[in-house]
Amino acid sequence: MFSLIAVTMVRATPPVEAGKAIFTARCAACHNVNKVIVGPALADVDKRHTIEWIVNFVHSSQSVIKGGDKAAVELFNKFNHIQMPDHPDLTADNIKNIVEYIKSESVAAAVEKAPFAKPTQLQTAYKPLSLHDNYGFFIAYLIVVALLVVGLLFAVEVKIFERRMNEKVK
Ligand code: HEC
């Protein structure tokens, strides 16, 4: 009975949470999602490789490298021939969960990087005016200026007219 509850609880753990737990215990010493530590930053790793590639690499990176996989060999050279330890006991599902966790963290980072993407973040009000984007504004501006000029001319005319009338009265 208790083991049934335990199994249900394990099954109910969401992939991201499960992946995070394994990542923290087994990978975080060398990997961060968004920073290079000992190993590469793992953000968007699912876009660089297929899930099969990732599973094989995590099971035995040296087998993939010695198998001549171009991407793996390049990585190994780039990271000064540091060998990533094998994790043969992790199941494909475990590794998929890790990838889910990496994905969730990559998205968070992408939002962090885009300064105006967050609705809660204050935006700067200043935006340089450009004739192209603010066409309507410039038109309205010209109309207002034109009205002011017309108004001024009209006021001058009225003054002149007033003066003439006054002269006639005298
Ligand atoms: C002792 C340090 C170390 C640990 C622990 C480690 N890695 Fe790595 N990992 C590396 C290094 C170094 C590389 C770069 C390739 C190489 O040198 O073999 C790498 C490469 C990778 C790559 C390819 C990344 C890319 O940008 O293409 C993946 C995926 C990866 N590791 C996943 C994991 C996972 C998942 C774990 C935990 C289960 C883990 N690693 C644990 C050191 C480590």
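**Exercise 1. Determine which helices each supply at least two residues of the shell around the ligand.**

Solution. The helices are α2 (15–27), α3 (45–48), α4 (51–59) and α6 (70–78); helices are DSSP runs (H or I, at least four residues), numbered from the N terminus. The model is predicted: local features need pLDDT of at least 70, side-chain atom pairs count only at pLDDT 80 or more, and totals for chains, interfaces and linings use all residues. Residues are numbered from 1 along each chain as its sequence is written, and side-chain values use heavy atoms, with hydrogens and water left out.

**Exercise 2. State which residues come nearest to the ligand.**

Solution. The ligand has 22 residues around it, a residue being near if one of its heavy atoms lies within 4 Å. Cys-27, Cys-30, His-31, His-49 and Met-84 come nearest.

**Exercise 3. Identify the residues that coordinate the iron atom of the ligand, and describe the site.**

Solution. First, the coordinating atoms are NE2 of His-31 and SD of Met-84, at 1.9 to 2.1 Å. Donors are N, O and S atoms within 2.8 Å of the metal (3.2 Å for Na, K and Ca). Next, the angles among the six donor atoms are 86 to 178°, and the site is octahedral; for six donors this requires opposite donors over 155 degrees apart and all others between 65 and 115. Finally, His-31 lies in the loop between α2 and α3 and Met-84 in the loop between α6 and α7 (92–113), so the pair ties together parts 53 residues apart in sequence.

**Exercise 4. Find the polar contacts that His-49 and Ile-82 make with the ligand.**

Solution. A polar contact is a pair of N or O atoms within 3.5 Å. A side-chain N or O atom of His-49 is 2.5 Å from an oxygen atom of the ligand. For Ile-82, a backbone N or O atom lies 2.7 Å from a ligand oxygen.

Terms used. A polar contact is a pair of N or O atoms within 3.5 Å; within protein, one must be able to donate a hydrogen and the other to accept it, and residues adjacent in sequence count only if both atoms are side-chain atoms. Four donors count as tetrahedral if all angles lie between 85 and 135 degrees; four count as square planar and six as octahedral if opposite donors are over 155 degrees apart and all others between 65 and 115; anything else is irregular.
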